[in-house]
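Biologist: Please give me a close look at one part of this model: its aromatic rings, and whatever surface they lead to.

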Amino acid sequence: MLVVFAAGVLGVLVTTFAPREARHRGQLTWVIAGLAAALGCLVFVAVRGECTVTAAGSIVVDGPALFLQGAALVLAILAVLLIAGRGTEPPPPESLPLTMFAVGGLLLLPAANDLLTMFVAVEVLSLPLYLLCGLARVRATVAHEASLKYFVLGGFSAAFFVYGAAMVYGFAGSVAFPGIRAAVASGAHRPLLLIGMALLAVGLLFKIGAAPFHSWVPDVYQGAPTAVTGLLAAVTKIGAFGAFLRLFTVAFGGAERDWRPVLTGVAVLTMVLGVVIAVAQQDVKRMLGYSAVAHAGFMLLGVVAASRSGIAGTLFYLTVYGCGTLGAFALVTLVHDSGGETTRLASWAGLGRRSPVAAGIFAVLLLGLAGIPLTGGFVGKFAVFSAVLAGGGFAVVIVAALASAVAVFFYARVIVLMFFHEPRPDGAVIIRPGARVAVVIAVAGLVTVGAGVAPGPLLGLAGQAASFLR
């Protein structure tokens, strides 16, 4: 985390003092080097295999934290390449330093060991993202609207989180997770605990885009620059779900009977609402936004399972979903018509005939998001559904399977439009990607297929990491 924050500060200095013509290249070099160095430090810590609590008890280093931080760093490197590779819309000089500060908050979030540190991590993650959503030189008005919506609703969610932390402190007399866990085991002052859990859940459910706190997702995804949308959709979910898993597994693990039925209902509502509304969308980014809402519901099932296999399934799911979604948005940046980037579905007719390779990769990524066999999405859903079934949630799995079947329809609709419709004379074309964007797309496609054909290594790693230090 210190390496990432230091790289962000150096990026600010480069923006301030470097000549204008060398600014972008210097920033990109610092940022990629910083993320790679942070990943190297993380691998060194993980190989040592020591789980510990540090920073005066506020940060915990354990399997889930290291796994999620590693996945976040890999996806952050890809997201930075995507943001820096926006050839038709060069990023503002502030974009990369802001991205680094957001990644720093993201790394802190799943490792927070008390409510105050978790709140600081949420804000360090969120504040740069509010700005990034509005930093657009093309369609600036729409981006500013998306940024303002995200900021206002994010402020409300932060208030819920802080109020919930106050209630839990009143219940437990501590904001540290071990102290809260001990107080939950004692069973005193239950009303304060229940109110605090509910308010904290609202704050985090907003961050993961779960219903009924999802209203910002489609608007922000559509309005923000597409590369930033990829960062939002793929990377930030990792931190938010890491915090959610730690909070409800470690701090509130003894109150499972209280929160499990409520989160089950939220997961079902999120899955159903996401897939049903996605069917009616005529904009690719809005469709992927509601798809992200549905996937948040599927991932919540791993939390609801309240077991090691559920945690492992969620870790795997987050990784393959992040790669697939980032690759999908990278391809969206390449679809242009006479007015520039276009996300209207009607303009995508016949893209598979004009650019069969790029459209074919996009189809593979969509099939992975749909959970078709031999893709990573299928293995992720299977792992999470199996964990829920093992806990007796047969009815929930039936609903999740039906929601997945509906999701196949709106993903397949895009594929049919690209390959089985005639190209329109004024329709969109896929421009040739730069080297950076091509790397993002290639890695996303390889992970989607590789995690479906040979899921053993990644699934085994997730299984080994699925034990929280309590």
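Modeller: F244 and F248 are both buried (under 20% relative accessible area; exposed is over 50%, partly exposed lies in between; 1.4 Å probe, protein chains only). This is a predicted model, so local features need pLDDT of at least 70 and side-chain atom pairs need 80 or more, while totals for chains, interfaces and linings use all residues. Residues are numbered from 1 along each chain as its sequence is written, and side-chain values use heavy atoms, without hydrogens or water.

Both F244 and F248 belong to helix α11, residues 236-251 (helices are DSSP runs of H or I, at least four residues, numbered from the N terminus). F244 and F248 are four residues apart, about one turn of the helix.

Now the wider picture. The whole structure holds 14 aromatic pairs (ring centres of Phe, Tyr or the six-membered ring of Trp within 6.5 Å; planes under 30 degrees apart are stacked, over 60 edge-to-face, the rest tilted). Take Y130 and F151. Their ring centres are 5.5 Å apart and their planes meet at 80°, so this pair is edge-to-face. The contact joins distant parts of the chain: Y130 sits in helix α5 (residues 115-134), F151 in helix α6, and 21 residues separate them. Y130 is buried, at 5% relative accessible area. F151 is partly exposed, at 45%. F244 and F248 also pair, but stacked: 4.8 Å from centre to centre, with 20° between the planes.

What else gathers around Y130 and F151? One aromatic cluster holds Y130 and F151 together with Y150, F206, W216, Y221 and F329.

F151 also leads to the surface. There, a nonpolar patch of about 650 Å² is made by F151 with L127, L148, V152, L153, F156 and F160. Patch residues have over 30% relative accessible area and no salt bridge; nonpolar side chains are joined within 5 Å, like charges within 9 Å. A salt bridge puts a Lys or Arg side-chain nitrogen within 4 Å of an Asp or Glu carboxyl oxygen. Helix α6 spans residues 140-172 and gives the most to this patch, with six residues. One residue of helix α6 is L148. At 54% relative accessibility, L148 counts as exposed.

Put together, F151 belongs to the aromatic cluster and to the nonpolar patch. Its edge-to-face partner, Y130, is buried.

Definitions and conventions:
Areas by Shrake-Rupley, 256 points an atom, 1.4 Å probe, with all protein chains shown as cover. Helix = DSSP H or I, 4+ residues; strand = E, 2+ residues; numbered from the N terminus.
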